[in-house]
Amino acid sequence: MTTAHHITRKAVQVAIDDLCAKKVHFGKSEIEALLNIYKTITKNQDRMDRLKFRDVLHNSFDMTDDILMDRVFRAFDRDNDGYISMTEWVEGLSIFLRGTNEEKIRYAFTVYDLNGDGYISREEMFQMLKTSIIKQPSEEDPDEGIKDLVEIALRKMDKDHDSRLSFQDFHDSVLADPLLLECFGQCLPDHKRKMAFESTFKKTNNFY
């Protein structure tokens with residue numbers, strides 16, 4: 001396991017140059033501000049762990065679902081080393097805050113594909129819906145209601161009728177009905193939280 005290092009000015013400049021070359025959806029000054037936020041969160045260390053990232057999702061974007069927060073972390077952690085680097089932080093936020101439709105569809109599918117096998121299975125749908133739906137006290141067996149929702153989702157989205165959702169199934173369904181993008185739970189910020197976070201890094205380089 002690699003150890004954390006203090007972030008140097010040179011490392012920041014390398015990250016900025018790399019991110020500008022990748023054409024993320026931020027200008028140079030916004031990238032600099034986001035990297036300052038990163039440095040504040042990590043106390044100037046060059047990697048962000050899962051707990052610190054979950055704090056950001058919870059405090060800034062009001063996300064509470066443990067399963068989905070873990071999957072959002074994995075979507076940001078592109079090299080799967082268990083930490084979010086400076087470039088992964090900005091690249092992830094580029095899609096999270098300002099992604100194109102195609103980017104957001106790809107991202108949401110990655111989040112919902114819990115085991116990373118390229119499909120959203122019945123079991124994965126059930127697991128996500130069970131944690132995202134509030135149980136009503138009057139319900140004797142809420143699992144039955146959730147199973148019904150899974151079947152409804154499959155009837156609507158499973159274009160090739162193989163009882164699971166491929167990326168193409170999900171992609172085509174969301175293009176036809178954009179409300180299906182977050183059908184298995186919140187994985188993107190709502191407009192109010194998104195604008196609040198953006199105003200933070202647009203106005204100031206300090207955070208928290």
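Helices here (H or I, at least four residues) and strands (E, at least two) are DSSP runs, numbered from the N terminus. The structure is a predicted model, in which local features need pLDDT of at least 70 and side-chain atom pairs count only at pLDDT 80 or more, whereas totals for chains, interfaces and linings use all residues. Residues are numbered from 1 along each chain as its sequence is written, and side-chain values use heavy atoms, with hydrogens and water left out.

A good place to begin is helix 8 (residues 142-157), which contains Ile-152. Ile-152 is partly exposed at a relative accessible area of 44%; on this scale, buried means under 20% relative accessible area, exposed over 50%, and partly exposed in between (1.4 Å probe, protein chains only). Together with Ile-133 and Leu-149, Ile-152 makes a nonpolar surface patch of about 230 Å². Patches are made of residues with over 30% relative accessible area and no salt bridge, where like charges are joined within 9 Å and nonpolar side chains (Val, Leu, Ile, Met, Phe, Trp, Tyr) within 5 Å. The accessible areas come from the Shrake-Rupley method with a 1.4 Å probe, and for residues only the protein chains shown count as cover.

Helix 8 also contributes a charged contact. Glu-151 forms a salt bridge with Arg-122, with 2.8 Å between the closest N and O atoms; the term stands for a side-chain nitrogen of Lys or Arg within 4 Å of a carboxyl oxygen of Asp or Glu. Because Glu-151 lies in helix 8 and Arg-122 in helix 7 (residues 122-132), the pair ties together parts that are 29 residues apart in sequence. Both partners have some access to the surroundings: Glu-151 is partly exposed at 30% relative accessibility, and Arg-122 is partly exposed at 31%.

Across the whole structure, the search finds 15 salt bridges. Another of them joins Glu-198 to Arg-98, whose closest N and O atoms are 3.0 Å apart. Glu-198 belongs to helix 10 and Arg-98 to helix 5 (residues 86-98), so this bridge ties together parts that are 100 residues apart in sequence. Here Glu-198 is buried, with a relative accessible area of 4%, while Arg-98 is partly exposed at 24%. A salt bridge also forms between Lys-22 and Asp-18, with the closest N and O atoms 3.3 Å apart. Lys-22 is partly exposed at 42% relative accessible area, and Asp-18 is partly exposed at 29%. These two residues belong to a network of salt bridges that links Asp-18, Lys-22, Arg-78 and Glu-91.

Turning to the rings, those of Phe, Tyr and Trp (its six-membered ring) pair if their centres lie within 6.5 Å; planes under 30 degrees apart count as stacked, over 60 as edge-to-face and the rest as tilted. By this rule there are 13 aromatic pairs. In one of them, the ring centres of Phe-26 and Phe-201 are 5.7 Å apart and the planes stand at 90°, so the pair is edge-to-face. The two residues are 175 residues apart and link distant parts of the chain, with Phe-26 in the loop between helix 1 (9-21) and helix 2 (28-42) and Phe-201 in helix 10 (residues 191-203). Phe-26 is buried at 8% relative accessibility, and Phe-201 is buried at 2%.

A tilted pair is formed by Phe-109 and Phe-170, at 5.9 Å centre to centre and with 50° between the planes. This pair, too, links distant parts of the chain, as Phe-109 in helix 6 (residues 101-112) and Phe-170 in helix 9 (residues 167-176) are 61 residues apart. Phe-109 is buried at a relative accessible area of 6%, and Phe-170 is buried at 0%. Ring pairs further link Phe-26, Phe-53, Phe-61, Phe-73, Phe-76, Phe-96, Tyr-107, Phe-197 and Phe-201 into a cluster.

Some rings also meet a charge, which sits over a ring if NZ of Lys or CZ of Arg is within 6 Å of the ring centre and within 35 degrees of the ring normal. The charged end of Arg-47 sits over the ring of Tyr-83, 3.8 Å from its centre. The charged end of Arg-106 likewise sits over the ring of Phe-167, 3.8 Å from its centre.

Finally, the cysteines: the structure holds 0 disulfides, a disulfide being a pair of cysteine sulfur atoms within 2.5 Å. The sulfur of Cys-187 is 9.0 Å from the closest cysteine sulfur, in Cys-183, which is too far for a bond. Cys-187 is buried at 0% relative accessible area, whereas Cys-20 is partly exposed at 36%.
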